[in-house]
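Colleague: I am new to this structure and would love a close look at a single part of it. Could you walk me through one spot and then show me how the rest fits around that spot?

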Amino acid sequence: MPTGWKPHRGLPMAVTNAVSWRSEGINYKKNEVFLDVVESVNILVNSNGQVIRSDVVGALKMRTYLSGMPECKLGLNDRVLLEAQGRATKGKAIDLEDIKFHQCVRLAKFENDRTISFIPPDGAFDLMTYRLSTQVKPLIWVEAQVEMHSRSRVEMMVKARSQFKERSTATNVEIELPVAIDASNPNIRTSMGSASYAPENDALLWKIKSFPGGKEYMLRAEFSLPSITAEEATPERKAPIRVKFEIPYFTVSGIQVRYLKIIEKSGYHALPWVRYITMAGEYELRLI
């Protein structure tokens, strides 16, 4: 029996053709598959500006609206597969680590010829997850300088720079900048986006809706501190700068879905939709 198949309890496999994760008789007017390739970038930068941890965790997230019992086949630009088929890889192939599949994938077939073939569950599921432990250049770099101007007035100067190609654009960027406890009367100016003081988090929150590659934006903020605690409070502030973002149509790994075929015995035509997106996971710069 192929790996990943489970017989229906009490009845022989041949009789029921049962797949534990999918019921018989599913029917849709419009047969569609949505596949999102989502990569989360985890980065930790220390106070000297060195990247001390970086990895990428990827997931192939599927939503299937397919009638009957469809057979799906998925091809990736996976180095082992392309070399096994004698194709030239020319640097476009990728090396994935820690690959884990949903139970619907026929593992024996993958181990045999690197083909990802499966009868999908109905609706949403993660087909596959993987990891890349390669050193990742921070996609958005943030530098901050904090200056005391008097015992009770502090100025913060922040630069945010996008370090990916110009043809890509990060969206919904949020940069959380820690400020001293007891800061008040903030006066904030930005060259792009909007910034607000979030006293409940002791932070400034800088939001930039659209941040194209190869750009640099600035923020300046001034605020007051109670003069008695100003000297003690500032050096203690050790919270990191946290960054959130999404970059559509972009992956750090360079993973590509080469094909997604759907075959069902009734012979219907199904539309596959594939999207790529990179987002910030745990993304922290300890630079203040």
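Colleague: Let us take Thr-64: does this residue count as buried or exposed, and why?

Modeller: Happy to help! Please keep in mind that this is a predicted model. Thr-64 counts as buried, because its relative accessibility is 0%, and the cut-off for that class is under 20%. In the chain, Thr-64 belongs to strand β2, which covers residues 51-65.

Now look at what surrounds the residue. Apart from neighbours within four places in sequence, Thr-64 is in contact with Tyr-28, Glu-32, Val-33, Pro-120, Pro-121, Asp-122, Gly-123 and Phe-125. With one of these, Pro-121, there is also a polar pairing to look for: a polar atom of the Thr-64 side chain lies 2.6 Å from the backbone oxygen of Pro-121.

Next, follow the strand outwards. Strand β2 is part of an open sheet of nine strands with mixed pairing, in the order β4-β6-β2-β1-β16-β14-β9-β12-β11. Reading along that order, you will find β2 between β6 and β1. The edges are β4 (97-101) and β11 (194-198); each has a single partner strand, so one side of each is left without a neighbour in the sheet. From one strand to the next, the twist averages 15 degrees.

Elsewhere in this sheet, β14 (residues 241-248) and β16 (residues 271-285) run antiparallel and are joined by five bridges. If you would like a pair to find by eye, Arg-242 stands opposite Glu-284 in β16.

You may also wonder about the cysteines. The structure holds zero disulfides. For Cys-72, the nearest cysteine sulfur is that of Cys-104, 8.3 Å away. That is too far for a bond, which is why Cys-104 does not form one with Cys-72; the cut-off for a disulfide is 2.5 Å between the sulfur atoms. Both residues count as buried: Cys-72 because its relative accessibility is 0%, and Cys-104 because its relative accessible area is 2%.

Finally, step back to the whole chain. The protein chain has four helices and 16 strands. Of its 288 residues, 43% are buried, Thr-64 being one of the buried residues. Among contacts between residues at least 6 apart in sequence, 76% join residues at least 24 apart. The accessible surface comes to about 15,400 Å², and 50% of that belongs to carbon and sulfur atoms.

Note on methods:
Residues are numbered from 1 along each chain as its sequence is written. This is a predicted model: local features need pLDDT of at least 70, side-chain atom pairs count only at pLDDT 80 or more; totals for chains, interfaces and linings use all residues. Side-chain values use heavy atoms; hydrogens and water are left out. Helices (H or I, at least four residues) and strands (E, at least two) are DSSP runs, numbered from the N terminus. Buried means under 20% relative accessible area, exposed over 50%, partly exposed in between (1.4 Å probe, protein chains only). Contact means heavy atoms within 4.5 Å. Accessible areas come from the Shrake-Rupley method with a 1.4 Å probe; for residues, only the protein chains shown count as cover. A polar contact is a pair of N or O atoms within 3.5 Å; within protein, one must be able to donate a hydrogen and the other to accept it, and residues adjacent in sequence count only if both atoms are side-chain atoms. Two strands pair if DSSP finds at least two bridges between them. Axes are lines fitted to C-alpha atoms, for helices over the stretch in contact, and angles run from 0 to 180 degrees between N-to-C directions.
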